[in-house]
Amino acid sequence: MAKRIDVSGLTAYYSAHKAIDDISMTVEPRSVTAFIGPSGCGKSTFLRTLNRMHEVTPGGRVEGKVLLDDEDLYGSGVDPVAVRSTIGMVFQRPNPFPTMSIFDNVAAGLRLNGSYKKAELADVVEKSLKGANLWNEVKDRLNKPGSGLSGGQQQRLCIARAIAVEPQVLLMDEPCSALDPISTLAIEDLIGELKERFTIVIVTHNMQQAARVSDRTAFFNLSAVGQPGKLIEIDETERIFSNPSVQATEDYISGRFG
Amino acid sequence: MSHAVVTDKRPSTLRGASLPKWFAWATAAGSLALAVGIGLAAGLHSKVQWGLIASILFVLGTYVISAKVEGPRQAKDRVATSVVWVAFLLAVVPLVSLVWTTVSRGVKVLDGYFLTHSMGVVADDEVGGGIYHAILGTAQQVGLATLIGAPIGVLTAIYLVEYGRGKLAKSVTFFVDVMTGIPSIVAGLFILSLMLMLDMSYFGFAGSLALAILMMPVVVRSTEEMLKLVPNELREASLALGVPKWRTILKVVVPTSLGGITTGIMLAVARIAGETAPILLLVFGGNFINSNPFEGPQQALPLYIYQQYGAGSSAGYDRAWAASLVLIAIVMILNLAARGIARWKAPKAAGR
Ligand SMILES: Nc1ncnc2c1ncn2[C@@H]1O[C@H](COP(=O)(O)OP(=O)(O)O)[C@@H](O)[C@H]1O
Ligand SMILES: [Mg+2]
């Protein structure tokens, strides 16, 4: 199921503006990789290049290679739609479809892709909601609108929606930044469970969170505002937080821990 | 200096002197009475003039009294409030009087017979007759126009919001803007010139085509606004699930804004239902029931009103007012239906 991602020489632009420059890294399967770094250094941009969502933004352009188990996502003839159903994404703000019930939200990926068997749908929805630790809270109101849930529940609903299409990689862009500590904890626990099945990449502004949930951590930085973001280093999370090899990483981490 | 005075006047710094709640009403009544007095004294006959004088007195009086008692900041606040009220009344008074006039004159001949009979056997200066043929014609012409105009308008808006980049989108937007300004008579003449080229004569569908031209830009504009209100996050959420763009638009974007889109279409329908000029040019009107919009002249409500009023007989006037009442009622029902649909289709919030 879970796949390895190999990025080499990746540069991304917004029209003429170069947002990230020449990034190379490997994301290991069945593990959690955390991206940390100051705002505007291109963490979200880089994350979105990993499932070809970057080009959805007008002017968005990418150079370089992203190999998913040896297959280049940006190779000629690759269908971005297929890439996105292989590499799922969870956004910063919970964004359930407002016209759909909880059930329909989770089933949306399958239904809208048109690739499902009716009989299996209920099973998939139940399995995904259980996988997102939400089943017990919503099983009696599957037909209620998804927007009626709390923020934390909505975010878990979005995770359930993302894993319902059985992706191999799950990208999360600050999934807890709009949530309270308890919901955050619920999602962190969930990430620990999900990494058994998926390759997970998570962007976070919260150092403790990166230290708690991730196996490897990548630190991004930019030399000045307006300059493109760069990957400074990527290593085992423990090493990054105890003994990073680059001074800038240590400064950033210790500055935050203060 | 004034500082000291203020502190003297106000024992509490948080609670200043304030006028009682009935102050606004009292000022309104006072200025109205004064305006009537001035109007009578000066020999002004027009009630409109009295009203204008009352409005000015109301705003001025509010300011002067409030500035004396409460201070200049509250006075400005009160003036802003009263200007809003006056503007509201100025807008509402003509509307109410229009509805009142139409209802009081319209009910005279409005009954079941009037709604279910045509003018087939009635001369314009005789009493009797009805508007069945006009209602039928309006329904068919407007219905066909909507069938053409609404889908094209909605699809154009989807193109502009979801796909449109660069020159083509810019020029489409420009043409939509130009079309918004087309006078209805010009739309009528445009279709008429086509009809003359093809050697055809009056029929209902020709009117529908002109109405569709008038309807399209309105639908494009309102649909565009509604689609722009759909948060980008929903599109991205759907795309990130591996849903193709066209299905995302069809299943996520349009359903989310369906209430607003429908409301826009209904309002456009209401707008073209009252168009007279293209109908006069292209459908011609007439006194008989013609249920085939593709052949022969047809009547329509606005044209019926125009022709009955033009006939100059008192029976004609009565019928014109009754038909106006029916037309207003139809437009009102469409508007209410639009609101109902908008409420019903709006994305549902918490727990309901
Ligand atoms: N939609 C966009 N259009 C143009 N520039 C953008 C857009 N989104 C982000 N950027 C720019 O790209 C750079 C990286 O932004 P982002 O990836 O959001 O950083 P981060 O997620 O690390 O805070 C910033 O300089 C930002 O201004
Ligand atoms: Mg970001």
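Student: A backbone N or O atom of Gly42(A) lies 3.1 Å from an oxygen atom of ligand 1. Why is this called a polar contact?

Tutor: This is a predicted model, and the distance comes from it. The cut-off is 3.5 Å between N or O atoms. Gly42(A) and ligand 1 are at 3.1 Å, so the pair qualifies as a polar contact.

Student: What makes Gly40(A) a polar contact of ligand 1?

Tutor: Apply the test again. A backbone N or O atom of Gly40(A) is 2.7 Å from an oxygen atom of the ligand. That is within 3.5 Å, so it counts.

Student: What about Tyr14(A) and ligand 1?

Tutor: Here a polar side-chain atom is involved, 3.3 Å from a nitrogen atom of ligand 1. Nitrogen is allowed and the distance is within 3.5 Å, so this is a polar contact too.

Student: How much of ligand 1 does the protein cover?

Tutor: On its own, ligand 1 has 560 Å² of accessible area, and the protein covers 61% of it.

Student: What makes Lys43(A) part of the shell around ligand 1?

Tutor: A residue belongs if one of its heavy atoms lies within 4 Å of the ligand. Lys43(A) is on that list, as are Ser44(A) and Thr45(A), among others.

Student: Which helix or strand gives the most to this shell?

Tutor: α1(A), with three residues. Both α1 (43–49) and β2 (17–27) of chain A supply at least two.

Student: How does the shell divide by class?

Tutor: Into four nonpolar residues, seven polar and one charged. Glycine counts as polar, so Gly40(A) and Gly42(A), both in the shell, go into the polar class.

Student: Now the two chains. Why do Glu233(B) and Arg93(A) form a salt bridge?

Tutor: The rule asks for a Lys or Arg side-chain nitrogen within 4 Å of an Asp or Glu carboxyl oxygen. Arg93(A) and Glu233(B) meet at 3.1 Å, N to O, so the pair passes. The count between chain B and chain A is two salt bridges.

Student: Which element gives the most to the side of chain B that touches chain A?

Tutor: α10(B), with seven residues. Both α10 (232–240) and α11 (245–273) of chain B supply at least two.

Student: How much area do the chains bury?

Tutor: About 2100 Å² between them, with 65% of it on carbon and sulfur atoms. Glu236(B), Ala240(B) and Leu241(B) supply 28% of chain B's buried area against chain A, more than any other three residues.

Student: How many residues are in contact?

Tutor: 23 of chain B, with 31 of chain A. The test is heavy atoms within 4.5 Å.

Technical notes:
Residues numbered from 1 in each chain as written. Chains lettered and ligands numbered in written order. Predicted model: local features only at pLDDT ≥ 70, side-chain atom pairs only at ≥ 80, totals over all residues. Heavy atoms only, no water. Buried area = accessible area lost by both parts, 1.4 Å probe. Helix = DSSP H or I, 4+ residues; strand = E, 2+ residues; numbered from the N terminus. Polar contact = N/O pair within 3.5 Å; in protein donor to acceptor, adjacent residues only side chain to side chain. Areas by Shrake-Rupley, 256 points an atom, 1.4 Å probe, with all protein chains shown as cover.
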